[in-house]
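Good morning, colleagues. Please look at the model on the screen, and I shall take you through its cavities, one of its sheets and a single glutamine.

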Amino acid sequence: MIAPTLAVWTKWRCGSAVCANGTATSTRWTASTWTLSGGQRRRVDVALGVIGGPGLLFLDEPTTGFDPDARRRFWRLIEDLAGGGTTILLTTHYLDEAETLADRVGVIAGGRLIVGTPAELGGRATARARVGWTDHEGTRVIETHSPTQVVTELRQRQPPSNPCPRRGLSHESLRVTRDDGTRPRSSPRHPNGHDRTRSGRKPPPTPPPGQTPKTSTGLDRPDHTGSHRNGQERPGQLGFSCGNLRVTERPSSGWWAMTATMDAETTETFRSLNPATGELVGEHPVHGEEAVNAAIERARDASVWWAGLGWKERRIRLLNVKGALTRSLNRVAALIHEETGKTIEDAQLEVIMAITHIDWAARKAEKVLGPRSVFPGLLAINQKCVLEYQPLGVVGVIGPWNYPLFTPMGSIAYALAAGNAVVFKPSEYTPGVALLMAEIVGGVVPEQPLLQVVTGLGETGAALTRGAVDKVAFTGSAPTARKVMAACAERLTPIVAECGGKDAFIVDADADLDGAADAALWGAMSNAGQTCVGVERVYVVDSVYETFVDRLTEQARALRPGDDRTASYGPITMPGQLDVIKRHIDDAVARGGKAVVGGAESVKGAYVEPVILLDVPDDSSAVREETFGPTITVHKVKSVDEAVTRANATAYGLAGAVFSGSRSTALNAARRLRSGMTSINAVVAFAAVPALPFGGVGDSGFGRIHGADGLREFARAKAITRQRFATANLTSFKRTDKDMAKVLQLVNMLHSKRYK
């Protein structure tokens with residue numbers, strides 16, 4: 001059964017060419033998919049696409065999210081269309097997928113279309129990544145993510161007439177043709193053909209300089225060779241061109257399988273793998289310092305344009321981003337599931353929370369940051385005072401892998417709402433989610449590269465922090481945050497940092513024990529315990545300790561990790577974390593702790609079964625260090641006061657929870673907990689409330705995202721005064737003794753009173 005999707009797929013016709021994809025924008029024809037599954041919807045898309053006899057059909061990632069059986073059935077349907085005379089232009093992530101469909105494949109690299117067999121282009125490697133357009137000699141060109149989006153954007157506006165031959169795609173530089181105008185039969189050898197990428201695969205070959213491209217500013221009607229699907233002959237050669245795309249001959253298989261890859265200068269790649277299966281999810285370029293700085297330069301111009309739109313226009317566009325993300329909810333959740341291993345339901349919940357934060361930031365930005373009058377006080381009563389918050393410019397965001405959409409969106413959405421452009425460096429474990437989000441934003445805001453993604457490892461993140469950004473929003477470990485701060489210090493770049501936690505959960509004697517056990521277990525085990533605000537330590541008042549432990553262990557034994565839809569949670573995303581989890585369990589047991597559920601044997605491959613530890617010393621690593629796994633330590637205390645004291649005995653201070661039947665006791669304990677956020681009779685409830693700020697103290701970081709504080713985090717306060725009428729001028733060499741006497745009299749009257 002294919003999971004249903006909420007995406008709205010759009011069809012648009014142009015001459016005899018048809019695009020079938022989820023990113024194009026048009027008012028010609030739309031169909032909602034509230035009732036059809038993704039596979040059914042795409043079959044309808046293709047059927048509608050060929051109505052009217054198009055000679056060329058675009059397919060953009062047509063089998064994303066399909067199960068293997070549905071994928072095979074779908075490709076048989078498409079192959080029938082190709083056999084009937086329709087030329088297919090396919091945009092896909094994987095060369096191995098294209099290998100079964102086409103005799104030759106085109107790969108976009110360095111602004112040119114390289115054509116060859118899949119083996120010649122790198123075998124069964126993933127070839128597609130973000131393709132950036134850039135400025136050249138003052139000419140503005142488009143930021144895009146796929147060939148189909150190029151077509152869409154060029155339909156929406158006139159492209160520049162000046163080609164851009166350097167890094168990135170130009171509007172006229174792609175041709176499926178030899179220099180003599182014929183279709184190439186093999187691809188040129190790469191000058192470094194024996195070099196290997198980080199993943200061990202050869203980089204795509206770089207072609208020799210081609211002929212000077214002709215200017216084309218629209219979508220020309222193609223002529224076709226051979227039989228049309230209705231049996232009529234069409235004379236001439238297929239000559240489809242659209243800005244930077246041109247197909248000069250239809251291949252014998254009826255397919256052009258097109259992928260997009262990194263710039264020609266970037267040959268190093270890395271892989272993102274499904275942690276549950278080990279299967280390849282994507283292969284992406286390692287962007288170096290030059291590429292990162294180029295993205296920042298593009299973002300600089302985009303930020304000026306974006307800030308100039310004003311509050312209303314930005315609000316409308318961000319609400320449309322929210323709508324596009326909502327329509328793509330299942331598609332995004334499926335990719336989160338693939339890259340992190342978390343369950344589909346947890347991935348969907350993550351997308352839902354991101355949607356609510358985009359909505360709040362878009363609607364509240366003007367109210368929080370817009371100009372407002374401030375009372376000047378009696379001493380400056382002649383001044384009109386205005387306070388407003390202005391955009392910073394370019395914000396660099398470095399995101400985590402455990403919540404690859406929700407967590408960075410707490411910075412991205414609020415930075416965009418405040419009027420900034422964003423350059424986003426995602427975790428190397430989850431780059432696909434970031435690229436998909438950038439694609440969604442680019443589909444709604446095609447004019448400027450408002451949200452750009454740079455992919456890579458630690459060096460890419462370091463380049464972003466050293467770059468000319470106006471602020472860095474970082475999520476990660478405390479040691480890495482210190483390195484980021486050191487790099488930012490070179491430019492005095494401000495930073496907001498969220499660095500994880502060791503959150504405490506307090507259970508009072510009069511608490512609802514069933515509700516507390518359920519909340520503590522979900523807070524500790526959901527997402528395999530890989531939650532920065534997850535529960536890691538539980539402090540229970542001694543009178544209900546045994547009862548609480550019984551209920552907690554009973555529920556924990558029913559949990560099961562796995563990759564199927566019935567699993568409670570998924571695998572550990574980052575393989576290196578498995579050693580940390582096992583070390584903490586071993587240390588706790590060795591120091592006198594007792595494992596009442598699970599133990600060291602619970603670490604099984606990529607999965608860790610639930611572990612509950614009792615009587616663990618406070619100085620053990622399982623209590624003092626962040627475990628980030630499905631483990632929990634439970635401690636007996638005499639009172640809530642003792643629980644608060646022991647909970648605060650850590651360098652971390654991110655969040656916490658208090659369960660109590662007494663509102664005053666709970667509020668008092670919540671205020672005393674050394675943390676940025678606390679929930680009462682619930683767990684992590686604050687994360688779902690966009691109006692509340694999110695952040696920690698100590699080793700958990702500083703600064704805030706979310707809420708009004710999160711909006712102000714990405715803006716600078718601007719104070720403006722305007723003299724309304726003249727009074728005694730104290731800031732002048734012309735002031736008199738009489739002026740000073742009047743002021744001194746006023747100050748005495750206002751401030752000399754004694755207070756009791």
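The count comes to ten cavities of 30 Å³ or more. A cavity here is a set of points, on a 1 Å grid over the protein atoms alone, where a 1.4 Å probe fits but cannot get out; points are joined across faces, edges and corners, and a volume is the space filled by probe spheres set on them. The second largest cavity has a volume of about 90 Å³. It is lined by 15 residues, of which Arg537, Ala647, Ala655, Arg674 and Ser675 are the closest to its centre; a lining residue has an atom within 4 Å of a point.

I should state the basis: this is a predicted model, in which local features need pLDDT of at least 70 and side-chain atom pairs pLDDT 80 or more, while totals for chains, interfaces and linings use all residues. Residues are numbered from 1 along each chain as its sequence is written, and side-chain values use heavy atoms, without hydrogens and water.

Next, the sheet. Seven strands (DSSP E runs of at least two residues, numbered from the N terminus) form an open, mixed sheet in the order 22-25-26-21-20-27-28. Strands 22 and 28 each have a single partner, so one side of each is left without a neighbour in the sheet. Pairing requires at least two DSSP bridges, and two bridges join strand 27 to strand 28 in parallel.

Finally, is Gln577 buried or exposed? Gln577 is buried (under 20% relative accessible area, 1.4 Å probe, protein chains only), because its value is 10%.

Technical notes:
Buried < 20%, exposed > 50% of the residue type's maximum accessible area, 1.4 Å probe, protein only. Helix = DSSP H or I, 4+ residues; strand = E, 2+ residues; numbered from the N terminus. 1 Å grid on protein atoms, 1.4 Å probe; cavity = no way out; pocket = protein on both sides within 12 Å on 5 of 7 lines; lining within 4 Å.
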